[in-house]
Amino acid sequence: MWTFGRKIGLGFAVSFLLLLGIGAEAYRSLESLAHTSRLVTHTYIIIERLGNITNTLADAETGLRGYIIAGDDVYLEPYQGADRALAGQIKELRDLTSDNPAQQERINRLEPLITARLEAMKKTIEIRRTAGITPIIESSKSGAGRRASDQIRQVANEMEQEERSLLKRRAEEVDTARNGGTTAIVAGTLFCLLFIGFTGNYLARSLSAQIGAVVSHVQSSAAELQAAAAQQATGAKESSTSMSEITTTISELLATSRQIAESARRVSGVAEQTAEGARSGEDILQAGTASFAGIRRQTEQIVGHMLELGKKSQQIGAVLDMVLELAEQTNILSINASIEAAGAGESGKRFGVVADEIRKLADRVSGSAKEIRGLIDDVRGAVNVTVMATETGAKGVDAGARQFEQVAAAFKKIAGLVTTSTDAAREIELSTKQQATAVEQVNVAITSTAQATKETEASSGQVLQTASQLVVMSGDLLRLIQPRPA
Amino acid sequence: MSGRAAALREAFDRAFAEPAGGAQVQLRAFLAIGIGGAAHAIDIAEISGLHAGKPITALPDAAPEFLGLAGFRGVVVPVYDLRVLLGQPAQAAPRWLVTAQAAPVAFAFDAFEGHLRVPLETIVREEEGQSRTRRALRMEGVVRPIVEIASLVEAVKIRAQAARQGGE
């Protein structure tokens, strides 16, 4: 979008160029006229010089005639003056027509004729002085002098005619230059006036529209600014209230920071004591780790012994199974022997008694074996329970050892952390002191800020007032630019 | 344990040290057995032997109570299930066998509990009992029905004859 300055500048530039063109054309026309005028003057000078030559020559002839008639040298003065002046006049005429070759050629023809005429006059004067008037009268009858004068006048007339024709042509050139200059000036002026009128109208319309739009925008912006200023004033008031609360809070924070600094100093002392305790605890933990290793070894030995005991009990159980099997077989054999003995009658009775006793013995052995089996089962159960308990214990010892190692590692880490914590506590102590100092500075700054907030509140009121004035002014400006019909 | 072994040895020796026929009370020998969880007894006089874990060769298309054939001292005898013969359900294969005195027949049962030598007055007759167990042993409040092996042998014979006649 073109700016106002650009549009106005463009309008003025075009007008300036038009005026410059008109001026240039007028200047060119004037220059042409002046040049033509100088040429005309030059032509008149040539005509005048040409007339001077013919007049001088006529005066010389007139003087010659007087001398011929009177014989007095007084009459020779014109001739003598012409003899001296004509050379200079011819030279002057030659210089004046140096730009015209045709005239130069005529001067070349004219100059010998004049020289010859003067030479003839000189001879005539000598004749008059020596021989009197008669021979002169006789020689004048031949008409040679008149023909020479006619030739001179003819050449002079040709030159004058040439200059006259030049005058006529230059008059035409003057008319042409004058008409061209007049046309250019009048047409250019009219066009320039039309352009200025059109441009002025366009600029007026365009600027009115643009400025009107901008002023309308300014008016709406001013209204928004007014609303914002009102909001800002309210916000500044709230900020002022908040700053007062913040000031109070910062004061409390300052007191708290001082308490924290004191607490941090105490924490630093406690942390140093804790670090000392952690170093002692680390030694105890190392002793505990060694004890756990001993317990682990003993537990492994117990497990080995218990497994060995279980294996032996299993072997005893196998032997006992064999004893039970033998007792059962013995029992069966004794029963079958009893049956056989009963079938053998009286002779088998004694054998039956033996078989019966063997059966009883087998029964008792079987009962004892079953009892032992029960005891062995109890032992195996106890061994299994013990092994399981010992293994559980061993696992527990392992877990305990691992946990103890973890505890030791954790304790070591804790000791390291306690050292770090001690350093951190010292740093915290220092930081809290710095923090307390910083809070004091913040307190001062907040007090200043609260003062500034109050000033901002006052400024917001002024801004609101200014925005209201701006709304009114923009409305007035809009009415000035775009007057609304009543 | 050494004391118990000594006691066993002493009791065994004392039995042979006592005079023969010293006991005046007449005693009768029985086998205490278990059939399907119930206590029973077999009169030793009716059997020719007690055996355990004998392999029994089953025969195809046989009656439910007939388990198969087993060898006893070079003699092959049929084996019948006492549980089925007494009307009880047959579960696992029986381990114990007795061979009958009256005929080459064996009967199988679940458990052998021991050898009993009881006075005659402990033997009672039960009217309401089955035909195979009309007698019983009453000992210390426990009634142990006596399996009548001879009756079972007769029943097996009758069944065998009926089967043979049916086959002819």
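The following paragraphs describe two sheets of chain B and the contact between chain B and chain A in a predicted model.

One open sheet of chain B contains six strands, arranged in the order β8-β1-β2-β11-β10-β9 with mixed pairing. Its edges are formed by β8 and β9 (123-125) of chain B, each of which pairs on one side only. From one strand to the next, the twist averages 35°. At the β9 edge, β9(B) runs antiparallel to strand β10 (residues 135-139) of chain B, and three bridges join the two. Within this pairing, B:Ile123 has B:Leu137 of β10(B) as its bridge partner.

A further open sheet of chain B is built from five strands in the order β3-β6-β7-β5-β4, again with mixed pairing. Here the edge strands, pairing on one side only, are β3 and β4 (66-72) of chain B. Neighbouring strands are turned against each other by 30° on average, direction ignored. The edge strand β3(B) is paired in the antiparallel sense with strand β6 (residues 96-100) of chain B over five bridges; in this pairing, B:Ile47 stands opposite B:Ala100 in β6(B).

The description now turns to the interface. In total, 17 residues of chain B are in contact with 15 residues of chain A. On the chain B side, the elements that give two or more residues are α1 (2-17), β3 (47-52) and β8 (111-119). The largest share, six residues, comes from β3(B). Both β3(B), an edge of the five-stranded sheet, and β8(B), an edge of the six-stranded sheet, thus contribute to this side. By class, the side of chain B that touches chain A comprises 11 nonpolar, five polar and one charged residues.

Key
Residues numbered from 1 in each chain as written. Chains lettered and ligands numbered in written order. Predicted model: local features only at pLDDT ≥ 70, side-chain atom pairs only at ≥ 80, totals over all residues. Contact = placed C-beta atoms within 7 Å. Helix = DSSP H or I, 4+ residues; strand = E, 2+ residues; numbered from the N terminus. Nonpolar A, V, L, I, M, F, W, Y, C, P; charged D, E, K, R; others polar. Pairing = 2+ DSSP bridges. Axes fitted to C-alpha atoms, helices over the stretch in contact; angles between N-to-C directions.
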